[in-house]
Amino acid sequence: MSEINRAIGSITHREEDSFPKGKNHLFAVGINNYEDKKIPKLVNACRDITDVAKLLKEEYAFDDQVLLLNEDATRSNIINKLNELHNNIAPEDKLLIYYSGNWTR
């Protein structure tokens, strides 16, 4: 049986040799509970974030992870973390942003 290719974007080994060797970063926000009682509570949003983060770390070398869950996922914390990432990520790095929660205005 052939080996499964788990490279980002299914890059072949030969192409991977010439691909920039930057770090993989994950920025993820998960919200189950909202202060506004009109917004329904969720069950799996935070678990989705932690499950995806674990998979990305174990299988795809996403060692640099910022996870903001529930009460830590404030507007100011999200903006501050995005600004930190902007200042700290190198041009050859990759960034995955993942959100799990209700979409509100």
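Which residue with a positive phi follows α2? The answer comes in point 6, after the overall layout; the model under review is predicted.

1. Overall layout. The protein holds 3 helices and 3 strands. Read from the N terminus, these elements follow the pattern α-β-α-β-α-β. Of the 105 residues in the protein, 27% are buried. Among contacts with a separation of 6 or more, 69% join residues that are 24 or more positions apart.

2. The sheet. The 3 strands make an open sheet whose order is β2-β1-β3, with parallel pairing. β2 and β3 are the edge strands, as each pairs on one side only. From one strand to the next, the twist averages 10 degrees. As background, the strands of a sheet pair through backbone hydrogen bonds, and the pairing is either parallel or antiparallel. Between β1 and β3 there are 7 bridges, in the parallel sense. His25 has Leu95 in β3 as its bridge partner, and Leu26 stands opposite Leu96 in β3. β1 and β2 also run parallel and are joined by 6 bridges. In this pair, Phe27 stands opposite Val66 of β2.

3. Strand β1. How many of the 7 residues of β1 are buried? The count is 7 of 7, so to read the strand as mostly covered is correct by the cut-off of under 20% relative accessible area. The cover is on both faces: Asn24, Leu26, Ala28 and Gly30 are buried on one side, and His25, Phe27 and Val29 are buried on the other. Helix α3 (residues 75–88) packs on the sheet and touches β1, β2 and β3. The direction of α3 makes about 175 degrees with that of β1.

4. The nonpolar cores. The largest nonpolar core has 9 residues: Phe27, Val29, Ile31, Tyr34, Ile39, Val66, Leu68, Ala73 and Leu85. Two elements, β1 (24–30) and β2 (64–69), give two or more residues each to this core. Another core, of 6 residues, lies apart from it and includes Leu26, Ala28, Ala53 and Leu56. One residue of the largest core, Val29, can be followed further. Leaving out residues up to four places away in sequence, Val29 touches Ile49, Leu68, Ala73, Ile78, Tyr98, Tyr99 and Ser100.

5. Helix α2. This helix covers residues 45–60, 16 residues in all. From first C-alpha to last it reaches 21 Å, close to the 22 Å expected at 1.5 Å a residue. Which residues of α2 are buried? They are Ala45, Cys46, Ile49, Ala53 and Leu56. These residues lie on the same side of α2, because they cover an arc of only 105 degrees around the axis. The general rule is that an α-helix has 3.6 residues a turn, so residues three or four places apart point the same way. What covers the buried residues of α2 includes β1, β2 and β3 (94–100). On the face turned away from the buried side, α2 carries the exposed residues Lys54 and Glu58.

6. Positive phi values. This point returns to the opening question. Ala61 follows α2, and its phi is positive, near 60 degrees. Most residues other than glycine have a negative phi. Ala61 is not a glycine, and it is found in the loop between α2 and β2. Its relative accessible area is 43%, so Ala61 is partly exposed. Asn70 is also not a glycine and has a positive phi, of about 45 degrees. The place of Asn70 is in the loop between β2 and α3. Is Asn70 buried or exposed? Asn70 counts as buried because its relative accessibility is 18%, and the cut-off for buried is under 20%.

7. Pro40. This residue lies in the loop between β1 and α2. Pro40 counts as exposed because its relative accessibility is 53%, where the cut-off for exposed is over 50%. Not counting neighbours within four places in sequence, Pro40 is in contact with Asn32, Tyr34 and Asn102. Pro40 and Asn102 are 62 residues apart in sequence, while their C-alpha atoms are 8.0 Å apart in space.

Technical notes:
Residues are numbered from 1 along each chain as its sequence is written. This is a predicted model: local features need pLDDT of at least 70, side-chain atom pairs count only at pLDDT 80 or more; totals for chains, interfaces and linings use all residues. Side-chain values use heavy atoms; hydrogens and water are left out. A nonpolar core is a set of buried Ala, Val, Leu, Ile, Met, Phe, Trp, Tyr and Cys residues joined through side-chain atoms within 4.5 Å. Buried means under 20% relative accessible area, exposed over 50%, partly exposed in between (1.4 Å probe, protein chains only). Helices (H or I, at least four residues) and strands (E, at least two) are DSSP runs, numbered from the N terminus. Contact means heavy atoms within 4.5 Å. The expected span of a helix is 1.5 Å times one less than its number of residues. The arc is that of the directions from the helix axis to the C-beta atoms. Two strands pair if DSSP finds at least two bridges between them. Axes are lines fitted to C-alpha atoms, for helices over the stretch in contact, and angles run from 0 to 180 degrees between N-to-C directions.
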